[in-house]
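Grab a pencil and work through these exercises at your own pace. Each one gives you a task, followed by a solution in steps.

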Amino acid sequence: MNRKHVSVVAAVIINSNRQILCTQRAASIHNYTSWKWEFPGGKIEPNETPEDAIVREIGEELHMQIAIKKALCTVHHSYPDFDITMQAFACEQTSNTFQLTEHNDFAWLKANELMHLDWAAADLPIVHKIIEDYNSK
């Protein structure tokens with residue numbers, strides 16, 4: 001049996017105060033992702049580059065403008081019902097406002113505060129990469 005595989009992107013959005021935008025998922029059909037924290041993003045559409053996908057997704061989900069600074073890391077994770085490949089990008093917020101359209105809550109946190117949240121399993125490697133990069137500076 002072939003497992004479902006999803007290719008997605010995630011934005012690590014950093015504001016002018018060097019805080020990172022964290023978003024909380026709402027309830028979903030999968031209890032292992034319901035109410036978990038994640039970096040905003042979504043699925044890559046056919047014939048779309050990951051870079052185009054992240055700009056589009058953040059525009060759709062948050063009504064926010066961003067500028068991609070660099071590719072951060074790629075995560076391969078297996079949830080009980082599907083596999084995911086997530087490309088994370090470090091991004092800069094270029095608009096001062098945003099609006100939650102799909103998420104339950106949000107928080108702006110410093111890198112050393114990220115582990116205070118209950119993260120979705122696929123997002124944890126990104127959290128660890130951010131903390132590692134922060135501690136190496």
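## Warm-up: the surface

The accessible surface of the protein chain comes to about 7,600 Å², and carbon and sulfur atoms account for 48% of it. Keep in mind that this is a predicted model.

**Exercise 1. Work out the order of helices and strands along the chain, and decide how compact the chain is.**

Step 1: Start by counting elements: there are two helices and seven strands.

Step 2: Now put them in sequence order, which gives β-β-β-β-α-β-β-β-α. The radius of gyration is 14 Å, close to the 14 Å that the globule rule gives for 137 residues, so the chain is as compact as a globular protein of that length.

Step 3: For the overall dimensions, look at the C-alpha trace, which spans about 45 × 30 × 30 Å along its principal axes.

Step 4: Check the inside and the contacts. Buried residues make up 47% of the 137 residues. Take the contacts between residues at least 6 apart in sequence: 67% of them join residues at least 24 apart.

**Exercise 2. Find how many positive and negative side chains there are, and how far apart the centres of the two sets lie.**

Step 1: Count the charges, and you get 12 positive and 18 negative side chains.

Step 2: Compare the centres of the two sets, which are 5 Å apart.

**Exercise 3. Count the disulfides, and explain the result for Cys-73 and Cys-91.**

Step 1: The cut-off you need is 2.5 Å between two cysteine sulfur atoms.

Step 2: From the sulfur of Cys-73, the closest cysteine sulfur is the one in Cys-91, 12 Å away, which is too far for a bond. Starting from Cys-91 instead, the closest cysteine sulfur is in Cys-73, again at 12 Å.

Step 3: The count is therefore zero disulfides. As for its surroundings, Cys-91 is buried, with a relative accessible area of 2%.

**Exercise 4. Place Ile-13 in its strand and list what it touches.**

Step 1: Ile-13 sits in strand E1, residues 4-14.

Step 2: Is Ile-13 buried or exposed? Its relative accessibility is 0%, so it counts as buried, given that the cut-off for buried is under 20%.

Step 3: Skip the neighbours within four places in sequence, and the contacts of Ile-13 include Leu-21, Pro-40, Ile-58, Cys-91 and Trp-108.

Step 4: Finally, try a pair that is 122 residues apart in sequence: the C-alpha atoms of Ile-13 and Asn-135 are 18 Å apart in space.

**Exercise 5. Do the same for Ile-131.**

Step 1: Ile-131 belongs to helix H2, which covers residues 124-135.

Step 2: With 19% relative accessibility, Ile-131 counts as buried.

Step 3: Beyond its neighbours within four places in sequence, Ile-131 is in contact with Ala-111 and Met-115.

Step 4: Thr-74 is 57 residues away along the chain, and its C-alpha lies 16 Å from that of Ile-131.

**Exercise 6. Look at the backbone angle phi of Asn-47 and His-63, and say where each residue sits.**

Step 1: Here's the background: most residues other than glycine have a negative phi.

Step 2: Asn-47 is not a glycine, yet its phi is positive, about 65°. You'll find Asn-47 in the loop between strand E4 (41-43) and helix H1 (50-62), and at 86% relative accessibility it counts as exposed.

Step 3: His-63 also has a positive phi without being a glycine, at about 55°. This residue is in the loop between H1 and strand E5 (66-78), and His-63 counts as partly exposed at 46% relative accessibility.

Conventions:
Residues are numbered from 1 along each chain as its sequence is written. This is a predicted model: local features need pLDDT of at least 70, side-chain atom pairs count only at pLDDT 80 or more; totals for chains, interfaces and linings use all residues. Side-chain values use heavy atoms; hydrogens and water are left out. Helices (H or I, at least four residues) and strands (E, at least two) are DSSP runs, numbered from the N terminus. The radius of gyration is taken over C-alpha atoms; the globule rule is 2.2 Å times the number of residues to the power 0.38. Buried means under 20% relative accessible area, exposed over 50%, partly exposed in between (1.4 Å probe, protein chains only). Contact means heavy atoms within 4.5 Å. Accessible areas come from the Shrake-Rupley method with a 1.4 Å probe; for residues, only the protein chains shown count as cover. Lys and Arg count as positive and Asp and Glu as negative; His and the chain ends are not counted. The place of a charge is taken as NZ of Lys, CZ of Arg, CG of Asp or CD of Glu.
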